[in-house]
Amino acid sequence: MKNIWMMLLIICSVSVFTACSDDDDEQMPPVAPTATLPETLTVGQEAIINGKDFVATAKLILKNIADAARTLDIEGAEFTATSVTFTVPADVEAGNYKVIVRQNNEEYELGTVEVVLDKVEKMLTKVIFSAYGETLEYALTYGEDGEIEKIAYTVKGEDELQETIYSVKREGERILIADDDEAEVYTYTLKDGKIAGCVDAYNTSFSCQYTNNYLTALAVRYEGEEEEYVIEYEYTDNNLVAIDGGGLKFGEQKNIPNGVDPVICIYKFILTSITENSDFFPHLLGLCGNSSVNLPTSSDAMYGNLPFTYTYEEWGGIKSITCTNEEDVSTIGFEYE
C-alpha cells in the first residue's frame, strides 16, 4: 500500500511540473531582434545587416517613409541568428526606408536607412542624335580639372558636314561659351552652382527658376520684345513628367544620373526638334540641378503615343534611347569614359 501511495505521489508531481512547464512556455513572448543598420544601402549591391535574435525563416521588408505603397518584400534575404544578407533590388527608389523584419508572426522595426543610387565615376563624352538621314553630335573634351573645356558640335547630312568647336571658359560666377570666330557667344550667369540666366550674341536672354534643386521654368525674352516666353517643367516624385505641356508616361525604367538628363534629350531631339543650343549647353555642363529619377516609357505629345526603348551600359548608364513613329526611327546615343 505504501508503494502505491508513493507511485501516485510521483505521478501527480510529474503532472503538475509538466503543466507548469507548458504554462511557462505559452507565456514566454518571442524575442525581438535588434540590429545595427548601415547609414546607406546602394541599389543593386549586396548588403549585410548585423544583429541578434534573428530566425532563419524571417522575412525582410523595406518600407518607403514618404510613400508606404512602395513597400517591398526583399526576395532571397538569407538570415542567420546574427545577420541578414541580401541584395538591394534594382527597382528600389532612392529615399529613406524603414527596415522591418517579420518573424514569429510579428513585425519588428529595426530602424531607418537611406537607399542611394550607385555612384559610378563615368564622364559623358558624346551625345549623338540620328533621325531622317541627319545626325547631330556633341563631343565633349575635359580639362585636367575634370571640367568640360570644349564642345564639338557636328551636323552630318547626306551631302553636308558642318562642325563648330565651342570653347568653355569660366570666370567666377560666369561661363562663356563661344565658337572659334566668336560669332556665337553665350554668356551664362551662375547662382548656387546652377545656371541662373543667359544672354547670347543676338541679345536673346533667358532666366531659370528652380524648386528644391529642380529646374521648374525657363523664361525667354527676345531682343526688342517686352513679353517673356515661359517654358515650364513639371515634376512628380522627382520625375520630370511634362515640359511646356508635353505629357510623358513613366514606368519602371531607371536613370543613373551621369551627364545630361535623358528626359531633356528626349524633349529637345524627339518631341520638339529644337536646334537652339543656348538652353541645351547648360544641361551638357550639368548645371541645371537634379535629373529625373525615372525614365518615360512613352509620350502622348503632338505626335501621338510614342514609345521609348532603352539600352544600358553594364554599369547602369544609359547607352541609347530609341523612338519609332510612322515615318522614321529616332535614336539618341550616349558615350562615356
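A residue counts as buried when its relative accessible area is under 20%, as exposed when that area is over 50%, and as partly exposed in between (1.4 Å probe, protein chains only). By that yardstick, buried residues make up 41% of the 337 residues in the protein chain.

Some ground rules will help you read the rest. This is a predicted model, in which local features need a pLDDT of at least 70, side-chain atom pairs count only at pLDDT 80 or more, and totals for chains, interfaces and linings use all residues. Residues are numbered from 1 along each chain as its sequence is written, and side-chain values use heavy atoms, with hydrogens and water left out.

**Confidence and fold**

The pLDDT (the predictor's confidence in each residue, from 0 to 100) averages 85 over the protein chain, and 89% of the residues score at least 70. Confidence is lowest in helix α1 (residues 2-27), with a mean of 51, and highest in strand β11 (residues 134-142), at 96. Where pLDDT is low, the predicted coordinates should not be read in detail.

The secondary structure of the chain comes to 3 helices and 25 strands. These are DSSP runs numbered from the N terminus, with helices being H or I of at least four residues and strands being E of at least two. Among contacts (heavy atoms within 4.5 Å) between residues at least 6 apart in sequence, 46% join residues at least 24 apart.

**Pockets and cavities**

The search for empty space uses a 1 Å grid over the protein atoms alone: a cavity is a set of points where a 1.4 Å probe fits but cannot get out, while a pocket is an open set with protein on both sides within 12 Å along at least five of seven lines. Lining residues have an atom within 4 Å of a point. Grid points are joined across faces, edges and corners, and a volume is the space filled by probe spheres set on the points. For residue classes, Ala, Val, Leu, Ile, Met, Phe, Trp, Tyr, Cys and Pro count as nonpolar, Asp, Glu, Lys and Arg as charged, and the others, Gly among them, as polar.

| Space | Volume | Nonpolar lining residues | Polar lining residues | Charged lining residues |
|---|---|---|---|---|
| Largest pocket | About 1,100 Å³ | 23 residues | 14 residues | 10 residues |
| Second largest pocket | About 620 Å³ | 17 residues | 7 residues | 7 residues |
| Largest cavity | About 90 Å³ | 6 residues | 1 residue | 3 residues |
| Second largest cavity | About 80 Å³ | 8 residues | 4 residues | 1 residue |

The largest pocket holds about 1,100 Å³ of space. Of the 47 residues that line it, Pro 257, Asn 258, Gly 289, Asn 290 and Ser 291 are the closest to its centre. At least two lining residues each come from β8 (95-103), β11, β18 (214-221) and α3 (281-284), and α3 gives the largest share, 3 residues.

The second largest pocket is lined by 31 residues, with Glu 134, Leu 136, Ser 273, Ile 274 and Thr 275 nearest its centre. Its lining draws two or more residues from β10 (124-131), β11, β12 (148-156), β13 (161-171), β15 (185-191) and α2 (262-272). Here β13 contributes the largest share, 4 residues.

Across the whole structure, the search finds 3 cavities of 30 Å³ or more. The residues lining the largest cavity include Tyr 233, Ile 243, Lys 268, Ile 274, Asp 279 and His 283, and α2 supplies the largest share of that lining, 3 residues. The second largest cavity has 13 lining residues, of which Asn 255, Asn 258, Val 260, Pro 262 and Tyr 336 lie nearest its centre.

**Salt bridges**

Side chains of opposite charge can pair when their charged atoms come close. The structure holds 6 salt bridges, each being a side-chain nitrogen of Lys or Arg within 4 Å of a carboxyl oxygen of Asp or Glu.

One of them joins Glu 137 and Lys 126 at 3.8 Å, N to O. Glu 137 sits in strand β11 and Lys 126 in strand β10, so this pair ties together parts that are 11 residues apart in sequence. Glu 137 is buried, at 14% relative accessibility, whereas Lys 126 is partly exposed, at 26%.

Another pairs Glu 107 with Arg 102 at 2.9 Å, N to O. Glu 107 counts as partly exposed at 45% relative accessibility, and Arg 102 as partly exposed at 33%. Arg 174 and Glu 171 also meet in a salt bridge, at 2.9 Å, N to O. Arg 174 is partly exposed at 37% relative accessibility, and Glu 171 is partly exposed with a relative accessible area of 42%.
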